[in-house]
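Dear colleague,

I am handing over the structure below, together with notes on what I found when going through it. Please read the notes with the sequence and the coordinates open beside you.

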Amino acid sequence: FPSHDTPCLKTRIKKWSPKEKKILEESFALIPAWLKDYKLKEILRGDSGGHPLNPAASIPLTRSLIIFDRFFSENDKRAILIHEMAHIALPNFDPQLTFDFSMASGWTLDEASLKPIPPKNPLLPDSTISINEDLANHIEIYHTNPNRILLNNPLSFSVIKKIIETKEKQP
């Protein structure tokens, strides 16, 4: 499944075990309510996702989530689901708020090539992949360790807080 943020994912779709279903349901119950509003069309069970470190992947266009083997050995399943559901939610974000976030986070534009230049002080190493990955990382960390954002970049903290508060207030 090629996407803007990730190379082609290669996975073998597997059957869910009852234990895996229960773990996933319990983990989903813990994510913020505003992210639950983005109903998934399907949740697939994959093996490794083409990369053994991937616990999950999302396909925003089809509102699909793929849960890989690694997910079940991770300690913070809630953080993984917040991150992937953030990717599902991103297409519905106000473009101005996304732009405000990119500026606050430190993204710039190479005027010659018109390509985005990642922040010099990214929140996480993979935040430099794309603005969408950076935004999903910020949403995940805002809900799991907000002080980390505040210490890393107070301006991006205030913008991400505004984005999330806007989403929480939507009917």
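Leaving aside its neighbours within four places in sequence, L124 is in contact with N137, I141 and R148. Before going further, I should say that this is a predicted model, and the remarks that follow should be read with that in mind.

To stay with L124 for a moment, this residue is found in the loop between β6 and α5. Is L124 buried or exposed? Its relative accessible area is 15%, and because buried means under 20%, L124 counts as buried. Along the chain, L124 and N145 are 21 residues apart, and their C-alpha atoms are separated by 13 Å.

The sheet

The next part concerns an open sheet, in which four strands are arranged in the order β1-β2-β4-β3 with mixed pairing. Its edge strands are β1 (13–14) and β3, each of which pairs on one side only. Helix α3, which covers residues 77–89, packs on this sheet and touches β3 and β4, and the direction of the helix makes about 15° with that of β3.

Strand β4 (residues 64–67) has partners in both senses, and I take them in turn. With strand β2 (residues 42–46), β4 pairs in the parallel sense over four bridges, and within that pairing I43 has L65 of β4 as its bridge partner. With strand β3 (residues 56–59), β4 pairs in the antiparallel sense, again over four bridges. Here A56 has I67 of β4 as its bridge partner, A57 is matched with I66 in β4, and I59 stands opposite S64 in β4.

How are the faces of β4 and β3 placed, covered or open? Both faces of β4 are covered, with S64 and I66 buried on one side and L65 and I67 buried on the other. Both faces of β3 are covered as well, since A56 and S58 on one side and A57 and I59 on the other are all buried.

The turn between β3 and β4

Strands β3 and β4 form a hairpin with four residues between them, and two residues of the connecting loop deserve a separate word. L61 has its place in the loop between β3 and β4, and at 80% relative accessibility it counts as exposed, because the cut-off for that class is over 50%. The C-alpha atoms of L61 and I88 are separated by 7.8 Å, although these residues are 27 residues apart along the chain.

R63 is found in that loop between β3 and β4 too, and its phi is near 50°, a positive value in a residue other than glycine. With a relative accessible area of 23%, R63 is partly exposed.

Another positive phi

Where does L114 lie? L114 is in the loop between β5 (108–110) and β6 (115–117), and its phi is near 60°, which is again a positive value in a residue other than glycine. L114 is exposed, with a relative accessible area of 60%.

Two buried acidic residues in helix α5

The last part concerns E133, which has its place in helix α5 (residues 131–144), and D134, which is placed in helix α5 too. E133 is buried yet has no salt bridge, and the nearest side chain of opposite charge, that of R148, is 12 Å away. What does the side chain of E133 make a polar contact with? One such contact is with the side chain of H83, at 3.0 Å, and a polar contact of 3.0 Å also joins the side chains of E133 and H87.

D134 is likewise buried without a salt bridge, and for this residue the nearest side chain of opposite charge is again R148, at 10 Å. Leaving aside its neighbours within four places in sequence, D134 is in contact with F101, S105, W107, P119 and S127.

When you go through the model yourself, a convenient order would be the sheet, then the hairpin loop, then the acidic pair in helix α5.

With best wishes

Terms used
Residues numbered from 1 in each chain as written. Predicted model: local features only at pLDDT ≥ 70, side-chain atom pairs only at ≥ 80, totals over all residues. Heavy atoms only, no water. Buried < 20%, exposed > 50% of the residue type's maximum accessible area, 1.4 Å probe, protein only. Pairing = 2+ DSSP bridges. Lys, Arg positive; Asp, Glu negative; His and termini not counted. Salt bridge = Lys/Arg side-chain N within 4 Å of Asp/Glu carboxyl O. Polar contact = N/O pair within 3.5 Å; in protein donor to acceptor, adjacent residues only side chain to side chain. Contact = heavy atoms within 4.5 Å. Axes fitted to C-alpha atoms, helices over the stretch in contact; angles between N-to-C directions.
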